[in-house]
Every structure is written in C-alpha cells, then in structure tokens.
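User: Could you walk me through this model, a step at a time? I would like to begin with one residue and then work outwards to the strands around it.

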Amino acid sequence: MKKARTTQDGARIYTRWILACYDLLIYRVLSPHVWRCDPQHFLDLYNRHMSDNHADVGVGTGYFLNQCLYEPGEVRIGLFDLQPNCLAFTAQRLARFQPETFECNALESIPFAGRGFDSIALGGILHCIPGNFAQKARLFDAIKPLMKPASQLFGYTILNRGISKTLLSRFVYFLLYQLKVINGAEDSASQLHAELTKRFKRVNTHIIGHIALFNASEPLSR
Ligand SMILES: C[S@@+](CC[C@H](N)C(=O)[O-])C[C@H]1O[C@@H](n2cnc3c(N)ncnc32)[C@H](O)[C@@H]1O
C-alpha cells in the first residue's frame with residue numbers, strides 16, 4: 001500500500017548540504033530554466049510588499065531576505081520554519097538584522113504571542129505541503145496569530161495544473177514529486193485564488209511559467 005505523504009516530507013530534504021547548494025540549484029537553474037520564472041519576479045514581489053516589520057514562513061536559505069532593501073536596524077524580521085537547519089542557516093546569513101526565529105509547523109495554529117507583523121511571505125512553502133489546496137490553505141489560518149488587520153501576505157508556489165509544461169519541466173516535476181520535495185500534484189492557480197478569496201478581500205494571483213505569484217490583504221472575518 002502507498003504510504004500517505006506527511007507534513008515532515010516537505011521539510012526533511014533541507015539538510016545542511018542541500019542548503020549549501022540550494023541557491024545555485026533553485027535560483028540559477030530550476031527557476032529560470034525549468035519553471036521558466038526569472039528569480040527577479042520573486043525579488044520584485046519582496047521589494048513591493050516586504051515591510052519593515054516582516055515575517056517569513058518557510059524560510060529555506062533566506063535568499064530574497066538577504067537582498068532586501070532594508071539596512072540593519074531598519075527592519076524587524078521573524079523567521080518561522082519546521083526545519084531547524086533552515087532556521088539556523090537563514091538566521092546566520094541574516095545575522096546583521098538580528099532576526100527572531102521560531103520552529104513551528106505552519107499547518108497548525110502558530111503559538112505566537114508576540115507583536116504582529118505588517119507583511120508575511122509564504123515563498124515556496126505551499127508546494128511542499130501535502131494534499132489539495134483546501135488542505136494546504138490551513139496555512140492561511142495557522143498564520144493568523146502573526147497577522148495584524150492591515151498585514152500584507154505574499155508568496156509564490158510551483159503549480160502542476162493549468163499551466164503550459166515542457167518535457168524538461170514534466171521530468172523535473174516528476175523527479176521532485178518522487179523525492180517528496182514537491183507535494184502538490186493537483187495544485188492550480190484557480191484553487192489557490194479560491195482559497196485566498198475565502199479569507200481575504202483583496203487577492204491577486206498571476207502565473208509566470210510553472211509558478212503562481214500572489215498577494216493578499218484585508219482578512220475577512222470567518
Ligand atoms: C522550498 S523552501 C522555500 C524557501 C524560501 N522561502 C524560498 O523562497 O526560496 C520551503 C521551506 O518551507 C519549509 N516548510 C515546509 N513545510 C513546512 C511546514 N509545514 N511548516 C513550516 N515550514 C515548512 C521548509 O523547511 C523550507 O524551509
């Protein structure tokens with residue numbers, strides 16, 4: 001019998017060795033050449049929406065945070081992740097900003113009692129989470145303790161439905177799916193948009209290559 005995918009599957013791969021190669025592999029090779037989305041689009045999203053009081057949920061290596069437009073002392077950064085290696089790697093890289101780190105599963109209400117954040121990034125975490133978008137969207141509810149009424153949410157995720165694929169992208173997707181790095185075979189931008197509009201008044205999603213980029217604000221009371 002096939003074993004169901006677990007939440008841990010989406011974070012297990014990020015060993016220290018993988019993190020050392022991550023930026024090169026993801027942002028020099030896979031993103032531009034396989035997913036056909038230039039990393040500049042992700043950086044533009046950060047530059048548009050990241051505030052001086054920012055939380056990153058699913059931090060990886062902190063690649064875009066490291067390129068943010070803020071100087072040390074100008075910005076509060078909270079790092080939230082299930083994988084301690086990612087938190088340690090990113091916290092060290094961003095040491096000049098003295099980030100706050102929190103180990104947590106972002107699918108369960110995050111036990112955070114601190115001051116809320118004005119912007120929250122969910123970059124590349126949704127495609128790690130197993131299940132359909134209705135299940136993945138638990139993350140939008142779980143981050144509520146981090147949010148303020150005027151918080152901006154933004155992020156990106158790899159899709160597998162409703163996009164144009166190449167032979168190479170089909171092959172790499174299959175490989176990463178088998179390795180349980182990607183856990184969303186049915187993911188589409190329309191499902192993402194539907195789950196966001198259940199929770200936020202203002203929602204933008206758009207597709208570049210295999211990737212959905214999104215931002216949302218004005219949480220609806222549910
Ligand atoms: C693909 S990486 C994205 C990293 C980075 N944001 C970027 O854009 O390059 C996904 C990150 O989400 C984290 N993650 C996966 N599932 C998680 C969960 N359920 N709760 C918290 N973090 C999770 C992983 O540990 C990893 O740091």
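User: Happy to have it in view! Which helix holds L196?

Analyst: Bear in mind that this is a predicted model. The helix that spans residues 189-199 includes L196. That helix is α8.

User: Is L196 buried or exposed?

Analyst: A residue counts as buried when its relative accessible area is under 20%. L196 has a relative accessible area of 0%, so L196 is buried.

User: Which residues does L196 contact, leaving aside its neighbours within four places in sequence?

Analyst: Good one to ask next. One contact of L196 is A216, and the C-alpha atoms of these two are separated by 7.2 Å although they lie 20 residues apart along the chain. The full set for L196 is F140, L153, V203, T205, F214 and A216.

User: How many of the residues of strand β7 are buried?

Analyst: Strand β7 covers residues 211-219. The strand is mostly covered, and its count of buried residues is 7 of 9.

User: How many bridges join β5 to β7, and which residue in β7 stands opposite F154?

Analyst: Strand β5 takes in residues 147-158 and runs antiparallel to β7. The two are joined by 7 bridges. Opposite F154, the residue in β7 is N215.

User: And β6 with β7: which residue of their hairpin takes a positive phi?

Analyst: Strand β6 (residues 200-208) pairs with β7 in the antiparallel sense, over 8 bridges. I208 stands opposite I211 in β7, and the hairpin has 2 residues between the strands. The residue with a positive phi, near 60°, is G209.

User: What is the order of the strands in the open sheet, and which are its edge strands?

Analyst: Let's lay it out. The sheet has 7 strands with mixed pairing, in the order β3-β2-β1-β4-β5-β7-β6. Two of these strands each pair on one side only. Neighbouring strands are turned by 15° against each other on average, direction ignored. The edge strands are β3 (100-103) and β6.

User: How do β2 and β3 pair, in the parallel or the antiparallel sense?

Analyst: Strands of a sheet can pair either way, through backbone hydrogen bonds. Between β2 (residues 76-81) and β3 there are 4 bridges, and D81 stands opposite E103 in β3. Their pairing is parallel.

User: Which helix lies across β2 and β3, and at about what angle does this helix run to β2?

Analyst: The helix in question is made of residues 84-93 and is α4. Its angle to β2 is about 160°.

Note on methods:
Residues are numbered from 1 along each chain as its sequence is written. This is a predicted model: local features need pLDDT of at least 70, side-chain atom pairs count only at pLDDT 80 or more; totals for chains, interfaces and linings use all residues. Side-chain values use heavy atoms; hydrogens and water are left out. Buried means under 20% relative accessible area, exposed over 50%, partly exposed in between (1.4 Å probe, protein chains only). Two strands pair if DSSP finds at least two bridges between them. Axes are lines fitted to C-alpha atoms, for helices over the stretch in contact, and angles run from 0 to 180 degrees between N-to-C directions. Contact means heavy atoms within 4.5 Å.
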